[in-house]
Amino acid sequence: DAAAIGCVSIKPSSRINLSALYRNYSVKYDSFFGNAFREGSGVRNESGFYSALEWYPLKYFRLNAYVDIFEFPWLTYTVNSPSSGHEYAAQIIWNNRRDSEISLRIKFKNTDSNISGETGHLTSIAESKKEQYRLKYRYNRKSWIFCTTFDINQYKMGIQKSTLGMALSQTLSYKPANKKVS
């Protein structure tokens, strides 16, 4: 069987980049070393549409966004029936082009998943929803890089109660000037 992928990228102005990609990988298609654009674990049993935007609305600001809509016409590793899903993300970045950068990223993903009953046997297919939020601050000072990140993740499958996770991290890096060591 066959696989097809097609992409177009356009730059209608110096401040906007647009991309669109369509993919269709047959259920029987098999490429042992294939590594094409995909949502699933392999290059097979998938079709979908992906679109992305990069926009510079103001000086020092950049907006990146994408949408990915996909479906699996046959069974997958985590779903015992044909399934589908979608993913949306947007990120706004402020960079003063000297020493600081602040970014805010929001990402949503909905997919189908198997769920088990109390006996551990498969009972049905449910929609799983994942939300991710990230606020990041990066500061460069000579050879030092300071990066603070705050993440919030929320996950919900079917009618189950959602789970919430948060993380605050600080990274300190040193890169000597004119050296290949970091």
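# Close-up views of an all-strand chain

**View 1. Ser14 sits between the first two numbered strands, E1 and E2.** Ser14 is found in the loop that links strand E1 (3-13) to strand E2 (16-25). The model shown here and in the other views is predicted. With a relative accessible area of 63%, Ser14 is exposed, because exposed means over 50%. A second residue gives a sense of distance: Lys129 lies 115 residues from Ser14 in sequence, and the two C-alpha atoms are 36 Å apart in space.

**View 2. The whole chain is built from strands, with 0 helices.** The count of strands is 9, and the order from the N terminus on is β-β-β-β-β-β-β-β-β. The C-alpha atoms fill a box of roughly 55 × 40 × 35 Å along the principal axes. The radius of gyration of the chain is 21 Å, whereas a compact globule of 182 residues would have a value near 16 Å. Of the 182 residues, 20% count as buried.

**View 3. The largest pocket holds about 540 Å³ of space.** Its lining is made up of 25 residues, and those closest to the pocket centre are Gly40, Ser41, Phe72, Thr76 and Thr78. Which elements give two or more residues to this lining? They are strand E4 (61-72), strand E5 (83-95), strand E6 (100-116) and strand E7 (122-141). E6 gives the most, with 4 residues. Sorted by class, the lining has 11 polar, 8 nonpolar and 6 charged residues.

**View 4. Tyr60 lies in a loop and has a positive phi.** The loop in question runs between strand E3 (46-55) and E4. Tyr60 is not a glycine, yet its phi is about 75 degrees. Its relative accessible area is 28%, so Tyr60 counts as partly exposed, a class that lies between the buried limit of 20% and the exposed limit of 50%.

**View 5. Lys142 also has a positive phi, of about 55 degrees.** Lys142 is not a glycine either. Its place is in the loop between E7 and E8. Is Lys142 buried or exposed? At 78% relative accessibility, Lys142 is exposed, because this value is over 50%.

**View 6. Strands E8 and E9 form an antiparallel hairpin.** Strand E8 covers residues 144-157 and strand E9 covers residues 163-174, and 12 bridges join them. Between the two strands of the hairpin there are 5 residues. Gly158 takes a positive phi near 60 degrees in this hairpin. Cys147 stands opposite Thr171, which belongs to E9. In a regular strand, the side chains alternate between the two faces of the sheet.

**View 7. Cys7 and Cys147 differ in how much of each is accessible.** Cys7 has 55% relative accessibility and is exposed, because the limit for exposed is over 50%. Cys147, the residue opposite Thr171, has a relative accessible area of 10% and is buried, because buried means under 20%. A disulfide is a covalent bond between the sulfur atoms of two cysteines. How many disulfides does the model contain? The count is 0, where a disulfide would need a pair of cysteine sulfur atoms within 2.5 Å.

Terms used
Residues are numbered from 1 along each chain as its sequence is written. This is a predicted model: local features need pLDDT of at least 70, side-chain atom pairs count only at pLDDT 80 or more; totals for chains, interfaces and linings use all residues. Side-chain values use heavy atoms; hydrogens and water are left out. On a 1 Å grid over the protein atoms alone, a cavity is a set of points where a 1.4 Å probe fits but cannot get out, and a pocket is an open set with protein on both sides within 12 Å along at least five of seven lines; lining residues have an atom within 4 Å of a point. Grid points are joined across faces, edges and corners, and a volume is the space filled by probe spheres set on the points. Ala, Val, Leu, Ile, Met, Phe, Trp, Tyr, Cys and Pro count as nonpolar, Asp, Glu, Lys and Arg as charged, and the others, Gly among them, as polar. Buried means under 20% relative accessible area, exposed over 50%, partly exposed in between (1.4 Å probe, protein chains only). Two strands pair if DSSP finds at least two bridges between them. The radius of gyration is taken over C-alpha atoms; the globule rule is 2.2 Å times the number of residues to the power 0.38.
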